[in-house]
Number of protein chains: 2
Amino acid sequence: MIEVEVKAHVNDFSNVLEKLSEIGAEKVMIEYQKDTYFNNPGYRDFEKSDEALRIRNTTLNNDESHIILTYKGPKLDDVSKTRKEIEVSVEDSKNAGLILENLGFKPAADVEKERTTYSINEFIISLDNVHKVGKFVEIEKGMADGEDFKEALDKIFKIYKKLGIEGGFERRSYLELMGVYKG
Amino acid sequence: MIEVEVKAHVNDFSNVLEKLSEIGAEKVMIEYQKDTYFNNPGYRDFEKSDEALRIRNTTLNNDESHIILTYKGPKLDDVSKTRKEIEVSVEDSKNAGLILENLGFKPAADVEKERTTYSINEFIISLDNVHKVGKFVEIEKGMADGEDFKEALDKIFKIYKKLGIEGGFERRSYLELMGVYKG
């Protein structure tokens, strides 16, 4: 899958919440996400290769939790965070992490956030409150490999405009913003 | 976890089935297992390092199936197949495999077998009919990391004796026996 994705830094969510309601976006869920990123600089340094390997532990609406192992490929353009993304649900974050560690991939950093998700048409809008980093609005759409993502990208920037966001776009990952990756 | 494990080649299962009944072993289940082994010779050649990375797709009693990602460390002694083993259930073998491939681990070989499992006390006895390889009886026990496995190993060889098996012990993996690993 290709994840077409843009994110923007905001100072607070109050304006955005008002506009989301005006444009008819629907609230989907509130999640607490704890991500552990792995790296293996001696084999392939993801900071340089622009890849990511992550175990995400998500608690949904303060209740059930699920764990996803994700690989992200290098970004595919110069303006967005669009990239190949492969996910698989795993039963247990501890053993998934131990397998990665035994293969030489060590935990590099944790990122924690509250994420409130809205949907409008085929787009997902996430309001991320990222611990130690700040507040961000992320808009994304999943597409099949090989599908042209330019049109989706145009639509994403139109939604940002409707939300009153015309600047603060950020291609750096939360990891980079935390100073873990200096890239 | 440490998996204390010994396996032996047999010509057929009829004698063993009789003895299993005599010693009161209980039949647990019949599984069809399709294993895909991954390797990454340019980074770490598992043939040389005596490790294994495997996705196992198991169909239980011809019905439900489940998928397990497993890492196995090098063997810990000279007589058995005892080694560190870390497992995690994954939702989907295709995406789990794609993540491994994107990390540079390529499918090296498939092993398919019918496995009929019996239990006696804390031991699991498997009758494996391995496609293109032959018939094997495997006896194993899971132990905590650091626990002494010598006593378990003695008990395993006593069970083999009760089953009428005193030779044909095989430390090579099914992969090696298939000639995929020449080690």
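Copies here are superposed by least squares on the C-alpha atoms of residues with pLDDT of at least 70 in both. This is a predicted model, where local features need pLDDT of at least 70, side-chain atom pairs count only at pLDDT 80 or more, and totals for chains, interfaces and linings use all residues. Residues are numbered from 1 along each chain as its sequence is written, chains are lettered from A in the order written, and side-chain values use heavy atoms, leaving out hydrogens and water.

So how do the two chains line up? A turn of 180° with a shift of 0.0 Å along the axis lays chain A on chain B, at an RMSD of 0.0 Å. That's the relation of a two-fold axis. Val90(A) is the residue of chain A that gets closest to the rotation axis, with its C-alpha at 2.2 Å. Both copies use the same surface: 100% of chain A's contact residues recur in chain B.

Now for the interface itself, with contact meaning heavy atoms within 4.5 Å. Buried area is the accessible area (1.4 Å probe) that two parts lose on being put together, summed over both.

| Interface item | Value |
|---|---|
| Contact residues, chain A | 25 residues |
| Contact residues, chain B | 25 residues |
| Buried area, chains A and B | about 2000 Å² |

Carbon and sulfur atoms carry 67% of that buried area. On chain A's side, Ile99(A), Asn102(A) and Leu103(A) lose the most area to chain B, together 32% of what that side buries.

What about salt bridges (a side-chain nitrogen of Lys or Arg within 4 Å of a carboxyl oxygen of Asp or Glu)? The count between chain A and chain B is 0.
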